[in-house]
Amino acid sequence: MPINAGFKFGKAEQKYREAKTDEEELAALEEMLRTAPSHKGSEKFRGDMRLKIKKLKESITKSKKRNKGKKGIKKEDMQAIIIGLTNSGKSSILKSLTNANPKIASYGFTTTEPEIGTLNYEGCNIQIIDLPPIASESFDHGIVNNADLLLIVIEKIHEIDSILDIIKNKMAKKIIIFNKIDLYDEQTKRKIGETLKTKKYNFVLTSTLTDEGIKELKEKIFKSFCIIRIYTRQPGKKEDNVPMVMKPGSTLEQLAEKILNGYSKKVKYAKIFGPSAKFLGQKVGLKHVLKDKDIAEFYTK
Ligand SMILES: Nc1nc2c(ncn2[C@@H]2O[C@H](COP(=O)(O)OP(=O)(O)OP(=O)(O)O)[C@@H](O)[C@H]2O)c(=O)[nH]1
Ligand SMILES: [Mg+2]
């Protein structure tokens, strides 16, 4: 504290010490600077304060930019990200696939924030996120870099290369969605299909107007996730309708831990009904390897 500091400064300093957020800290620092005594002896102190305020402001702006648009998006087990140039029909695809109701318009740059929907396929919930167009300021590279599956919506074949150039995520699986196929006659459609096939893309020709290709797209999305579905149930009860989604090769122990941290220690054994069981209701231990569509009934110690 500088010499001759008054009551107001003391109060501000207390607020600074108790600040819980960067914003509260900034407000307190600004108040401290306002109420600090201005004499020669406090010059260095005031200089330090100004520098602190400047740095804090920069860090607040940076973290705001980083979090922009990401509010509340928790990555689900199965998540696909829709990307593409403006007006290619990304939001229309989201609407055709899920329960979401995004804004769709004939002008460009309609979507300004990520839109989230859920595709329910064979009992599995797949999270689908429609992003603002690639050229938009709010296009979120973070989400794209983290994605396991990218749905690339195009209107013309040449768009693919320019989009892939921008995407740094080489690991993600990709499905090319050639949209607005209703605008072409059968012969042109065939040609488009052949070209995409020669380029060895995993692709589907769609129209959100006629629903052509939408069913095929749903199936392709589902198949892209290398997963198994395990239905769990308590003895004597009906199994859960929503399966637990696991990686192929997962064990009963991993399933138990996924249900609840530490739960595997309580499990004595499980009875399995389904593909991984040698017979209906086979008793298995924690090391048992599960298969898609197994039903696991847990017995605890
Ligand atoms: N003919 C035809 N038009 C379509 C199809 N899908 C979308 N559209 C139209 O294309 C325009 C753009 O659709 P959106 O779904 O808003 O496109 P978007 O890619 O989300 O656009 P931005 O968010 O602005 O980047 C709208 O006028 C849609 O009606 C389709 O399959 N066929
Ligand atoms: Mg859109």
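How many bridges join strand E7 to strand E8, and do they run parallel or antiparallel? I'll start there and then work through the rest of the chain. One thing to keep in mind from the outset: this is a predicted model.

So, E7 covers residues 228–233 and E8 covers residues 244–246. Three bridges join them, and the two strands run antiparallel. If you want a pair to look for on the screen, take arginine 229, whose bridge partner in E8 is valine 245.

E7 also pairs with strand E11, residues 294–300. Here there are four bridges, and the strands run parallel. Look for arginine 233, which stands opposite glutamate 297 in E11.

Okay, let's step back and look at the whole chain. We have nine helices and eleven strands in the protein chain. What about its overall dimensions? The C-alpha atoms fill a box of roughly 85 × 65 × 30 Å along the principal axes. The radius of gyration is 28 Å, whereas a compact globule of 301 residues would come out near 19 Å. Buried residues make up 25% of the 301 residues. And if you take the contacts with a separation of 6 or more, 56% of them are between residues 24 or more positions apart.

Next, some more strands. E1, residues 79–84, pairs with E3, residues 124–130, in the parallel sense, over four bridges. One pair to find is alanine 80 and its bridge partner in E3, isoleucine 128.

E3 has another partner, E2, which is residues 115–121. E2 and E3 pair in the antiparallel sense over seven bridges. Asparagine 120 stands opposite asparagine 125 in E3. These two strands form a hairpin with two residues between them. In the turn sits glutamate 122, with a positive phi of about 45°. For context, most residues other than glycine have a negative phi.

Now to helix H8, residues 214–224. Which of its residues are buried? They are Leu217, Ile221 and Ser224. Those three cover an arc of only 65° around the axis, so they sit on the same side of H8. The general background is that an α-helix has 3.6 residues a turn, so residues three or four places apart point the same way. On the other side of H8, Lys215 and Glu216 are exposed. And what covers the buried residues? The cover includes E1, E2 and E3, and also strand E4 (149–154), strand E5 (173–178) and strand E6 (203–205).

On to the ligand. How many residues surround ligand 1? There are 23, and the closest are Gly89, Ser91, Ser92, Thr110 and Thr111. The shell divides into 14 polar residues, six nonpolar and three charged. Helix H4, residues 90–97, gives the largest share of that shell, with three residues.

That brings me to the loops next to H4. Asparagine 87 is in the loop between E1 and H4. Is asparagine 87 buried or exposed? Neither, quite: asparagine 87 has 18 other C-beta atoms within 10 Å, so it is partly exposed. Buried would need 20 or more.

The loop between H4 and E2 has two residues I'd like to point at. One is glycine 108, which has 11 other C-beta atoms within 10 Å and therefore counts as exposed. Setting aside neighbours within four places in sequence, glycine 108 is in contact with Thr86 and Asn87. Glycine 108 and leucine 85 are 23 residues apart in sequence, and their C-alpha atoms are 9.2 Å apart in space.

The other is phenylalanine 109, also found in the loop between H4 and E2. Phenylalanine 109 counts as partly exposed because it has 14 C-beta neighbours inside 10 Å. Its C-alpha atom is 7.2 Å from that of asparagine 87, with the two residues 22 apart along the chain. Phenylalanine 109 also has a phi near 55°, a positive value in a residue other than glycine.

Last stop: lysine 200, in the loop between helix H7 (186–198) and E6. Lysine 200 is not a glycine, yet it has a positive phi of about 60°. Why does lysine 200 count as exposed? Because it has 7 C-beta neighbours inside 10 Å, and 12 or fewer is the cut-off for exposed.

That's my tour, thanks for listening.

Notes. Residues are numbered from 1 along each chain as its sequence is written. Chains are lettered from A and ligands numbered from 1 in the order in which they are written. This is a predicted model: local features need pLDDT of at least 70, side-chain atom pairs count only at pLDDT 80 or more; totals for chains, interfaces and linings use all residues. A residue is near a molecule or strand if its C-beta atom, placed from the backbone, lies within 6 Å of it. Ala, Val, Leu, Ile, Met, Phe, Trp, Tyr, Cys and Pro count as nonpolar, Asp, Glu, Lys and Arg as charged, and the others, Gly among them, as polar. The arc is that of the directions from the helix axis to the C-beta atoms. Two residues are in contact if their C-beta atoms, placed from the backbone, lie within 7 Å. The radius of gyration is taken over C-alpha atoms; the globule rule is 2.2 Å times the number of residues to the power 0.38. Two strands pair if DSSP finds at least two bridges between them.
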